[in-house]
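Me: I am new to this structure and should like to work through it by question and answer. May we proceed one topic at a time?

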Amino acid sequence: MKTVKISALALAMMGVFATSANAQSAKANAWEGAYGQVSVGYGMFTPSVGTGTATSTLSPTAQAYGYGPTSTVSTSAASTNNVNTATANLGLGYNFAVNSQYVVGVGISYYPGASSGATGVLATGATTVTSSKGAPAIPVAANNNAGTLSYNIKNLYSITINPGYVIDKDRLAYAKVGYTGATIGLSGAGIPYNAVNLTGYTLGLGYKQMVTESLYMLGEVNYASYGNKTATATSDSGTALNQPVKGTGLDFLVGIGYRF
């Protein structure tokens, strides 16, 4: 009886391995399945900073004459530089075969670390404050060089759908479309560090070339567009800053991956 049970178990295990082998051999094309990859390259981020506000609390003396209690002036960015940086990318995904010539993949990618920094100047406009007690209106002078800010990009990620064309078992051309997010870190003289999380869409094109049975080389170009978010901060002097920020990104990557 024990011999019969062992034989039955052995037959069941052989059946599992045979089923697994048949599943592998039943792939519609060589690019169907899971993959992981690592890439390095060059990236650029172009910011767009809209008109914001700087709100300050007036002094007790001014408030005693009926002014205030706050004064708000417009703010804008001047001479904002692009981020130009080396970058790295980690990616995982799975390709579903449509037929022998096409796949539709699902991929996630993450860019570890932070970019190099770039700078811009925050300029303020002018306004007047009026008195509730009949005192003359007081002009609040413009300061066209309120301070230099620095910023960088970090925590960049994307989730994409990747339709691909199977050229043959060793070559794959593909596109990417999906959702992306990134964090802008802002700081400056008298302004503490502030993080703004941007989200948007990403588009890309890529090519993969097998170099061994499982390893492949890849090249990609990716574009991202991030929608408007408001950066908020309070300066050391108590001025409340609100500035809308958006931007676009572009990167070029080369790397190596493993096709399972």
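Me: Which residues does Leu198 touch, not counting residues up to four places away in sequence?
Reply: The model discussed here is predicted. Leu198 is among the residues with the most contacts inside the largest nonpolar core. Leaving out residues up to four places away in sequence, Leu198 touches Phe45, Thr180, Gly181, Ala182, Ile184, Tyr226, Gly227, Lys229 and Val245.

Me: Which elements give two or more residues to the largest nonpolar core?
Reply: This core has 16 residues, and Phe45, Val83, Tyr151, Ile153, Ile184 and Tyr226 are, with Leu198, those with the most contacts inside it. In soluble globular proteins, nonpolar side chains tend to be buried together. The elements that each give two or more residues to this core are strand 9, strand 10, strand 11, strand 12 and strand 13.

Me: How many residues does the second, separate core have?
Reply: Trp31, Val166, Tyr216 and Leu218 are included in this second core, which is separate from the largest one. Its number of residues is 9.

Me: Is Tyr201 buried, partly exposed or exposed?
Reply: Tyr201 is found in strand 11, and its contacts beyond four places in sequence are Gly178, Thr180, Tyr223, Ala224 and Ser225. The relative accessibility of Tyr201 is 41%. Buried would require under 20% and exposed over 50%. Because 41% falls in between, Tyr201 counts as partly exposed.

Me: How far apart in space are Tyr201 and Tyr223, C-alpha to C-alpha?
Reply: Tyr223 is one of the residues that Tyr201 touches. In sequence the two are 22 residues apart. In space, their C-alpha to C-alpha distance is 8.5 Å.

Me: What parts of the structure does the pair Lys176 and Glu220 tie together?
Reply: Side chains of opposite charge can pair when their charged atoms come close. Lys176 forms a salt bridge with Glu220, with the closest N and O atoms 3.2 Å apart, and both residues are buried. Lys176 lies in one strand and Glu220 in another, so the pair ties together parts 44 residues apart in sequence: strand 10 and strand 12.

Me: How many salt bridges does a search of the whole structure find?
Reply: Besides the pair just described, Asp168 forms a salt bridge with Arg171, the closest N and O atoms being 2.9 Å apart. Lys169 forms another with Asp170, at 3.3 Å between the closest N and O atoms. Lys169 is exposed at 55%, whereas Asp170 is partly exposed at 28%. The search of the whole structure finds 3 salt bridges.

Me: Which strand supplies the largest share of the lining of the largest cavity?
Reply: The largest cavity has a volume of about 320 Å³. Its lining has 22 residues, with Val49, Leu149, Leu186, Gln243 and Val245 nearest the centre. By class, the lining has 15 nonpolar, 7 polar and no charged residues. The largest share, 4 residues, comes from strand 6.

Me: How many charged residues does the lining of the second largest cavity have?
Reply: The second largest cavity has a volume of about 190 Å³. Of its 20 lining residues, the closest to its centre are Tyr35, Gln37, Asn162, Lys176 and Glu220. Strand 9 gives the largest share of this lining, 5 residues. By class, the lining has 7 nonpolar and 10 polar residues, and the number of charged residues is 3.

Terms used. Residues numbered from 1 in each chain as written. Predicted model: local features only at pLDDT ≥ 70, side-chain atom pairs only at ≥ 80, totals over all residues. Heavy atoms only, no water. 1 Å grid on protein atoms, 1.4 Å probe; cavity = no way out; pocket = protein on both sides within 12 Å on 5 of 7 lines; lining within 4 Å. Points joined across faces, edges and corners; volume = space filled by probe spheres on them. Nonpolar A, V, L, I, M, F, W, Y, C, P; charged D, E, K, R; others polar. Buried < 20%, exposed > 50% of the residue type's maximum accessible area, 1.4 Å probe, protein only. Contact = heavy atoms within 4.5 Å. Core = buried A, V, L, I, M, F, W, Y, C linked by side-chain atoms within 4.5 Å. Salt bridge = Lys/Arg side-chain N within 4 Å of Asp/Glu carboxyl O.
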